[in-house]
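Subject: Structure handover

Hello,

Here is the structure we talked about. Please open it alongside this message; my notes follow below.

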Amino acid sequence: MADRSFLDWPFFEDHHRVLAEELDAWASVAAERIDHNDIDKACAQFVAKLGQDGWLRHSAVDPRSADSRMDVRSLCIVRETLARHDGLADFAFAMQGLGTGAISLFGNAAQQSEWLTKTRSGEAISAFALTEPQSGSDVANSAMSAVPAGGHYVLNGQKTWISNGGIADVYTVFARTGEAPGARGLSAFIVPAGLPGFHITERLETIAPHPLATLQFDNCRVPKEYLIGDAGQGFKIAMSVLDVFRPTVAAAALGFARRALDESLKRVTTRQIQGASLFDLQMVQGHIADMAVDIDAAALLVYRAAWMKDMGVPRITREAAMAKLFATDRAQEVIDKAVQLHGGDGVRSGQKVEELYRDIRALRIYEGASDVQRVVIARQARAAFEEA
Ligand code: COS
């Protein structure tokens, strides 16, 4: 049983503790039974189930409420809990939030009511389309264009590595509207699937499979009402959404790491070596201790970032970057140790730690690679030093 003592930390309110307990009980049944053979079907079915059972209300703001803030601690608790059970379960939940994050944070009442109602109930699946073939880390270099024409914007270009690409009903798409060069000339749009001129051109396979695609836009006409926020604000919208969701990626990594520690403890306390349990070897205890410390340190960074945002701190760029960098990199290390402690079984297909080993890797790349997080943290450190 994963360590739950972190729930006593002062970052949380009682409703967070209730959420963690209730979701864990639900996920112990629902998320442990996902059939990974057909990932499109598995994701669609799991989103519908998450919606029916009410968990997707944590993925986006409530369009009927006047409070447009997201509860980032709840987002993190849900991701950590689901990831501990199954990577695809976490993915299905996470994308409902990231895909509509711009609508939650910057959408108007009509946009929120039209889309968030559907994504929070599981009726619609969402996707976040930022990356392009020539610009992954360098968002300011995005090339896809959106040109105003009458009551529409006409979109041309490509997006790639788009999670839920191919199964989503609605996409948040970032494109160059050209108010200024670089970061100041992008805008964000809601693009429903099926608009003429919008196609899926390629599905991408990865080591931890989930729906992923390249999108093509050829003179795709998007109504002006689907512009999110102001024209030219797209870069800041994307970064603000990532500030909220990077700590949740870190939370998912934390869930994977906790599961790896649990699996390791199960293994080393039952496996015999030279007449004693593997756990009795001090070198094994050393690994277990390092894993436990990494997990707690990551949790502190994750929930510090989430708590700060929930307390109304306008920008948590630094704390979000620290949480994502540390939690994903250390989870990789924790899981690698778990594989080692499992011996040959650690690399055997179908073993949980083998699955975790594949699941964790992409988290150090997507939503800002570890190297990008280091750039963000270093810039903030320099700015603080120069201000002092
Ligand atoms: N929130 C709000 N505004 C932000 C911001 C944030 N987190 N980060 C930057 N901005 C603003 C800046 O204040 C600046 O505004 P002004 O022009 O008014 O001064 C503007 O946006 C440009 O910022 P900056 O100069 O830092 O932009 P860069 O091009 O140097 O950005 C990085 C660099 C690498 C940090 C950015 O492109 C990034 O995060 N890349 C990774 C993208 C990513 O995560 N991709 C994955 C996609 S989803 S799988």
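Which atom of the ligand is 3.4 Å from an N or O atom in the side chain of Arg 315? A nitrogen atom. Bear in mind that this is a predicted model.

**Ligand contacts**

Two further side chains belong with Arg 315. Thr 317 has a side-chain N or O atom 3.1 Å from a nitrogen atom of the ligand. Arg 184 has a side-chain N or O atom 2.8 Å from an oxygen atom of the ligand. As for cover, the ligand on its own has 1000 Å² of accessible area, and the protein covers 74% of that.

**The shell**

The ligand is surrounded by 23 residues. Arg 184 is among the closest, together with Ser 137, Asp 243, Arg 246 and Gly 368. By type, the shell has 10 nonpolar residues, 6 polar ones and 7 charged ones.

Now for the helices. H7 runs over 234-270 and H11 over 370-387, and each gives the shell at least two residues. H7 supplies the largest share, with 7 residues.

**Domains**

The domain assignment splits the protein chain into domain 1 (5-125), domain 2 (127-234) and domain 3 (236-387). Where does the ligand sit relative to domain 2 and domain 3? It lies between them, because both give residues to the shell around it.

Domain 1 and domain 3 also touch. On the domain 1 side, 28 residues are in contact, and they meet 32 residues of domain 3. The centres of domain 1 and domain 3, taken over C-alpha atoms, are 20 Å apart.

**UniProt features**

Two annotations are worth having to hand. Both come from an unreviewed entry.

- UniProt puts "Acyl-CoA oxidase/dehydrogenase middle" at residues 127-220. In the model, this span is 52% strand and 0% helix. Its end C-alpha atoms lie 17 Å apart.
- UniProt puts "Acyl-CoA dehydrogenase/oxidase C-terminal" at residues 232-380. This span is 75% helix and 3% strand in the model. Its end C-alpha atoms lie 24 Å apart.

**To recap**

The ligand lies between domain 2 and domain 3. Arg 184, at 2.8 Å, faces a ligand oxygen. Thr 317, at 3.1 Å, pairs with a ligand nitrogen. H7 gives the largest share of the shell.

Best wishes

Technical notes:
Residues numbered from 1 in each chain as written. Predicted model: local features only at pLDDT ≥ 70, side-chain atom pairs only at ≥ 80, totals over all residues. Heavy atoms only, no water. Near = heavy atom within 4 Å. Polar contact = N/O pair within 3.5 Å; in protein donor to acceptor, adjacent residues only side chain to side chain. Areas by Shrake-Rupley, 256 points an atom, 1.4 Å probe, with all protein chains shown as cover. Helix = DSSP H or I, 4+ residues; strand = E, 2+ residues; numbered from the N terminus. Nonpolar A, V, L, I, M, F, W, Y, C, P; charged D, E, K, R; others polar. Domains from an automatic or database assignment. UniProt positions renumbered as here; feature names shortened; annotations may be inferred. Contact = heavy atoms within 4.5 Å.
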